[in-house]
Amino acid sequence: MVVQKKKKKIKYYRLIFFLVIFWFLGNSIYNFVLNLMVQTELVEQGVIEKKFATEAYVLRDEIVITAPATGRVNLLVEPGQKVHKDMPILEIHTSGGTSLQAGRPMVVQAPVSGVLSCIIDGGEELFNPREFANLDSEKIQSIKVKAIDNTQRDMVEKGSRYCKIINNLANVQLYLEFPLNLFTEPIKKGQLLELVFTRLDKRLSAPIIDLKGIGNTAQVLVNVPETWYSLFNVRIEPVEIILEKGNGILIPKKALVEKENGEIGVYWVRKGFVFWQEVDIISENNDRFLVNGLEPYTEIILNPSLVKEGQHLY
């Protein structure tokens, strides 16, 4: 009887031992698989900007040169080069008139000093800084702005618009329209607008030098001397106006958790253990939140539904 009892105890202890071993192995395998499934990311400081995308109209001091006669045209100056007043810039070889006129080219001189351009878009007279008071969206829409490059043009007709001289001593200005309530505070002259030129991969602060309004639309004129050559042959340029700028920690939206008690935060990992951290949302963009409450390079969990606070992953 005593021997049988001892055997039963041994079997019982063996069963408990094997159950513990199986539990340990099962738990290890579970944690191993879970660790493979759990995705993490080291967060970093960043900035999220609230932007307003619009089109800027480039205003320049330009004088258009029309062909004084019909004939074959020959440029004497490369487009983009500076010219001085009365400098010969092109010649036209006419086919009509007297024999004397037909054999001698007609030379056209620069009416003013500046930079020669052969890009004509039809907006040279309207998009002039002196015309700001008359500019509005209705007037802009009435003009079909279309850039035509006359550089390779061989023939011209009398009276046709062939080239222009751009005043390189005057700053380039941009005409912008946006809703009056775009900013929380009223805009005023001298105020700096932070602009992003997406095509040029450039940003700068442009001072407002003039402004007006029609209905709920603000119309402003800003100075952008840094873009003189970048926008040399451009009339319409896409820009973004920076409205707000927030600094904090950037986290993927899928990492954020809202608990039943209303707390908003993330799960993060340290030495294999899962911790909970409440955060405050500052701003957001398409796929990320900007938050306060986390330290840079915290390892946060991207699929929080797989974990819970206090859990040991590895």
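**Contacts, sheets and rings**

Student: Which residues does S160 touch, not counting residues up to four places away in sequence?

Tutor: S160 touches I65, T66, A67 and R153. Keep in mind that this is a predicted model.

Student: What makes these count as contacts?

Tutor: A contact needs heavy atoms within 4.5 Å. I65, T66, A67 and R153 are listed as touching S160, so each has heavy atoms within that limit.

Student: Where is S160 placed?

Tutor: S160 lies in the loop between β11 (155-156) and β12 (161-166).

Student: Why is S160 called buried?

Tutor: The cut-off for buried is under 20% relative accessible area. S160 has 15% relative accessibility, so S160 counts as buried.

Student: How many residues of the protein chain count as buried, as a percentage?

Tutor: Of 314 residues, 38% are buried. The exposed area of the chain is about 18900 Å², with 53% supplied by carbon and sulfur atoms.

Student: What is the make-up of the chain in helices and strands?

Tutor: The chain has three helices and 23 strands. Take contacts between residues at least 6 apart in sequence: 73% of them join residues at least 24 apart.

Student: Which strands flank the S160 loop in the sheets, starting with β12?

Tutor: β12 belongs to an open sheet of four strands, ordered β3-β12-β8-β5, with antiparallel pairing. Its edge strands are β3 (62-66) and β5 (82-83), each pairing on one side only.

Student: How do you know that β3 and β12 pair?

Tutor: Pairing needs at least two bridges. β3 and β12 are joined by five bridges, so they pass. One example is T66, whose bridge partner in β12 is R161. T66 is also among the residues that S160 touches.

Student: And β11? What makes it an edge strand?

Tutor: β11 is in another open sheet, with the order β7-β6-β4-β11 and antiparallel pairing. β7 (106-109) and β11 each have a single partner strand, so each has one side without a neighbour in the sheet.

Student: How many bridges join β4 and β6?

Tutor: Five bridges pair β4 (residues 71-75) with β6 (residues 88-94), in the antiparallel sense. G71 has T94 as its bridge partner in β6.

Student: What makes β14 and β17 a pair?

Tutor: Two bridges join β14 to β17 (residues 236-252), running antiparallel. The threshold is at least two bridges, so this count meets it. V196 is partnered by E240 in β17.

Student: Which strand pairs with β14 over six bridges?

Tutor: β15 (residues 202-214) does, in the antiparallel sense, with β14 covering residues 192-197. E194 stands opposite S205 in β15. In this hairpin four residues lie between the strands, and D201 takes a positive phi near 55°.

Student: Turn to the rings. Why is the pair W228 and Y229 called edge-to-face?

Tutor: Two tests apply. The centres must lie within 6.5 Å, and the planes must be over 60 degrees apart. Here the centres are 4.7 Å apart and the planes stand at 65°, so the pair is edge-to-face. A search of the whole structure finds seven aromatic pairs. Ring pairs also link W228, Y229 and F232 into a cluster.

Student: Are W228 and Y229 buried or exposed?

Tutor: W228 is buried, at 8% relative accessibility. Y229 is exposed: its relative accessible area is 55%, and the cut-off is over 50%.

Student: What makes you say a charge sits over a ring for K259 and W276?

Tutor: The distance limit is within 6 Å of the ring centre, with an angle limit of within 35 degrees of the ring normal. The charged end of K259 sits over the ring of W276, 4.1 Å from its centre. For K212 over the ring of F132, the distance is 5.1 Å. Both distances fall inside the limit.

Student: How do you know that C118 and C163 form no disulfide?

Tutor: A disulfide needs sulfur atoms within 2.5 Å. The sulfur of C163 is the nearest cysteine sulfur to that of C118, and it is 5.3 Å away. That misses the limit, so C118 is in no disulfide. C163 is in no disulfide either. The structure holds zero disulfides.

Student: Why are C118 and C163 called buried?

Tutor: The values are 2% relative accessible area for C118 and 0% for C163. Buried means under 20%, so both qualify.

Terms used:
Residues numbered from 1 in each chain as written. Predicted model: local features only at pLDDT ≥ 70, side-chain atom pairs only at ≥ 80, totals over all residues. Heavy atoms only, no water. Buried < 20%, exposed > 50% of the residue type's maximum accessible area, 1.4 Å probe, protein only. Areas by Shrake-Rupley, 256 points an atom, 1.4 Å probe, with all protein chains shown as cover. Phe/Tyr/Trp six-rings, centres within 6.5 Å; stacked < 30°, edge-to-face > 60°.
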